[in-house]
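Visitor: I am new to this structure. Could you walk me through it, one question at a time?

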Amino acid sequence: MDIQANISLKKFNTFGIDAHARYFSRFKTVEELHDLLDLRKSIVDLSSFSVLGGGSNILFTKNYDGLILKNELKGIKKIKEDEHHVYVQAGAGENWHQFVLYCIENNLAGIENLSLIPGNVGASPMQNIGAYGVEIKDVFAYLEAYSIKEKVLHTFSLNDCELGYRDSIFKRKYKNEFIITSVTYRLNKQPHFNVSYGAIKDELEKMKVKELSIKSISQAVINIRSSKLPDPAKIGNAGSFFKNPTVSRSFFETLKNKFPGIVGYDVHNGDIKLAAGWLIEQCGWKGFRKGDAGCYDKQALVLVNYGTATGDEIYNLSEDILQSVKEKFGVKLEREVNIF
Ligand code: EPU
């Protein structure tokens, strides 16, 4: 294990922001993580540290004056199976999409709709990743996480994690207390196809798919995502920058009278989730670019770095967007991306 000093984080965040970490190291086992956390106090003389996964949901607005620990816990293994399910455990540092492909190759259903989401396995329960009608909570069995205070592994069930829309207990009550080390998913032997999302149906038709399979659904999702979301390898971004805000039905009706085209979906408790992309587009931001910071021209919910934008420039753009949406619609957007 070595700890490096003054390391550029550009290749470790999908926004491609060239912030520097004062110290940087990686861990491939839980023992290495344990040792690094001990070392940081004695050798490095630092208390502040952060664990980085795929770096796909983070915006660095300044240099990081602490120790960045890159999670490289790998390994995928079948834990057990019953009549209907196979339980598969993956190291938190496994690439998410590679894990989806592993499941598809092994005929394990449940996460095909979550194809091509950037990031690592460890982030999947942390923010309950979701797309095209499926969320991690639908296939989650349990996870293991290292307690920074107690220096031991704990197991968290689905209930323990309190998964919500892009949310979990690890973003709130247990923030900075645990490091997710592995996640175990309960996958289906028999697929239950979820094609409720209109865009998937349309894409499958376009692909002329006669018989549904997890592979064809995965391909449809890959096609849709590639057509409207920028590839972080080419244009820096962190997916949706804001969450879709929820408003009461009565407020939605008021908005709808004023803005008949407004896009909203029912959520279970009777509230309405608004498409933030629509709100942002209506404020004229879609395709906007100032220097290298911009609002993507095919999906207004995604902010992009065309090359050398700083984290501050992206952040300031997000602030301007937030203000104008608030002024026009009276709706306060919340950032989905973690700001550092
Ligand atoms: N829309 C616009 N203009 C835009 C973008 C969207 O008018 O520029 C409207 C359209 O009416 C569209 C609707 O918004 O039909 C919904 O757009 P889309 O299907 O692209 O989904 P989203 O609500 O913008 C959410 C997730 C995505 C996920 C997609 C598909 C959030 C914050 N984002 O986006 O997740 O891939 O649904 O399920 O919930 C992510 O979290 O990083 C992410 C990409």
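Below, a visitor asks and a guide answers.

Visitor: What should I know about the model and its numbering?

Guide: Welcome! This is a predicted model, in which local features need pLDDT of at least 70 and side-chain atom pairs count only at pLDDT 80 or more, while totals for chains, interfaces and linings use all residues. Side-chain values use heavy atoms, with hydrogens and water left out, and residues are numbered along each chain as its sequence is written, from 1.

Visitor: In the largest nonpolar core, which residues touch the most other members?

Guide: A nonpolar core is a set of buried Ala, Val, Leu, Ile, Met, Phe, Trp, Tyr and Cys residues joined through side-chain atoms within 4.5 Å. Buried means under 20% relative accessible area, exposed means over 50%, and partly exposed lies in between, using a 1.4 Å probe and protein chains only. The largest such core has 45 residues, and those touching the most other members are L274, L279, I280, I314, I321 and L333.

Visitor: Which helix gives the most to this core?

Guide: Helices (H or I, at least four residues) and strands (E, at least two) are DSSP runs, numbered from the N terminus. Elements that each supply at least two residues of this core include β2 (20-27), β5 (64-71), α7 (249-258), α8 (276-282) and α9 (311-329). With six residues, the element that gives the most is α9.

Visitor: From which domains does this core draw at least three residues each?

Guide: The domain bounds come from an automatic or database domain assignment. By those bounds, the core draws at least three residues from each of domain 1 (4-71) and domain 3 (236-339).

Visitor: What is I280 in contact with, away from its neighbours in sequence?

Guide: Contact means heavy atoms within 4.5 Å. Neighbours within four places in sequence are left aside here. The contacts of I280 are then F242, W285, K286, C295, A300, L301, I321, V325 and L333.

Visitor: In what order do the strands of the five-stranded sheet come?

Guide: Two strands pair if DSSP finds at least two bridges between them. In this open sheet the pairing is antiparallel. β6 (76-81) and β11 (153-157) each have a single partner strand, so one side of each is left without a neighbour in the sheet. The order is β6-β7-β12-β10-β11.

Visitor: How many bridges join β10 and β12?

Guide: Both strands have many buried residues to look at: ten of the eleven in β12, and six of the eight in β10. Along their pairing, F140 stands opposite Y185, and Y146 has I179 as its bridge partner. The two strands pair in the antiparallel sense, and the number of bridges is seven.

Visitor: At what angle does helix α1 run to β10?

Guide: Axes are lines fitted to C-alpha atoms, for helices over the stretch in contact, and angles run from 0 to 180 degrees between N-to-C directions. Helix α1 (residues 30-42) packs on the sheet and touches β10 (140-147), β11 and β12 (178-188). Its direction makes an angle with that of β10 of about 35°.

Visitor: Why do the buried residues of α5 lie on the same side of the helix?

Guide: In helix α5 (residues 198-206), the buried residues are I200, E203 and L204, and what covers them includes α6 (214-228). D202, E205 and K206 are exposed on the other side of α5. The arc is that of the directions from the helix axis to the C-beta atoms. The buried residues are on the same side because they cover an arc of only 100°.

Visitor: Which strands are the edges of the three-stranded sheet?

Guide: This open sheet has the order β14-β16-β15, with antiparallel pairing. Two bridges join β14 to β16, and V247 has I272 as its bridge partner in β16. Helix α7 lies across the three strands, running at about 45° to β16. Pairing on one side only, the edge strands are β14 (246-247) and β15 (264-266).

Visitor: Is N120 buried or exposed?

Guide: N120 sits in the loop between α2 (96-105) and α3 (123-126). Apart from neighbours within four places in sequence, its contacts include G53, K70, N71, E94 and W96. With a relative accessible area of 11%, N120 is buried.
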